[in-house]
Amino acid sequence: MAVDGPLPKLDREVYREALRRELERVVQEVADAVDDAPAGRIIRDSEEKARDALDRFRQVAYEKALQLKVDAAEAAFPPSASSDGAAATE
């Protein structure tokens with residue numbers, strides 16, 4: 001099915017709420033990584049853990065944005081007709 005015109009925008013508030021819990025987890029992980037590193041080795045022992053947590057957040061944030069965009073696009077189109085001509089129902 002071809003799409004004419006722009007797709008609907010994703011709901012920023014829904015997106016923000018979906019990421020809030022994930023962001024809290026990342027903040028906790030980064031803080032733990034820094035706090036748990038021994039004196040004199042804070043950067044060496046925490047940098048990779050913090051980077052990994054932030055990379056996961058980046059991936060989750062992007063995937064969630066894509067999913068919300070798909071959901072918004074699907075909601076903008078009426079259900080397609082089935083092969084016998086009757087409207088599809090969910």
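In this predicted model, a salt bridge brings together the side chains of Glu13 and Arg16, with an N to O distance of 2.6 Å. The two residues sit 3 positions apart in helix H1 (residues 12-36), a separation of about one helical turn. Both partners keep some contact with the surroundings: Glu13 is partly exposed at 41% relative accessible area, and Arg16 is likewise partly exposed at 44%.

This pair belongs to a set of 6 salt bridges in the structure. Helix H1 also carries the pairing of Arg25 with Glu22, whose side chains meet at 2.3 Å, N to O. Here too the spacing is 3 residues, or about one turn of the helix. The surroundings of the two partners are worth a look, as Arg25 is partly exposed with a relative accessible area of 31%, whereas Glu22 has 17% and therefore counts as buried, the limit being under 20%.

A further salt bridge links Asp45 and Arg41, with their closest N and O atoms 2.9 Å apart. Asp45 is partly exposed, at 24% relative accessible area, and Arg41 is partly exposed as well, at 36%. Shared partners also connect salt bridges into one network, made up of Glu22, Arg25, Glu29 and Arg56.

Turning from charged to nonpolar side chains, Val34, Ile42 and Ile43 make up a surface patch with about 270 Å² of accessible area together. Of these residues, Ile43 is located in helix H2 (residues 42-76). Its relative accessible area is 64%, so Ile43 is classed as exposed.

Conventions. Residues numbered from 1 in each chain as written. Predicted model: local features only at pLDDT ≥ 70, side-chain atom pairs only at ≥ 80, totals over all residues. Heavy atoms only, no water. Patch = residues over 30% accessible without salt bridge, like charges linked within 9 Å, V, L, I, M, F, W, Y side chains within 5 Å. Areas by Shrake-Rupley, 256 points an atom, 1.4 Å probe, with all protein chains shown as cover. Salt bridge = Lys/Arg side-chain N within 4 Å of Asp/Glu carboxyl O. Helix = DSSP H or I, 4+ residues; strand = E, 2+ residues; numbered from the N terminus. Buried < 20%, exposed > 50% of the residue type's maximum accessible area, 1.4 Å probe, protein only.
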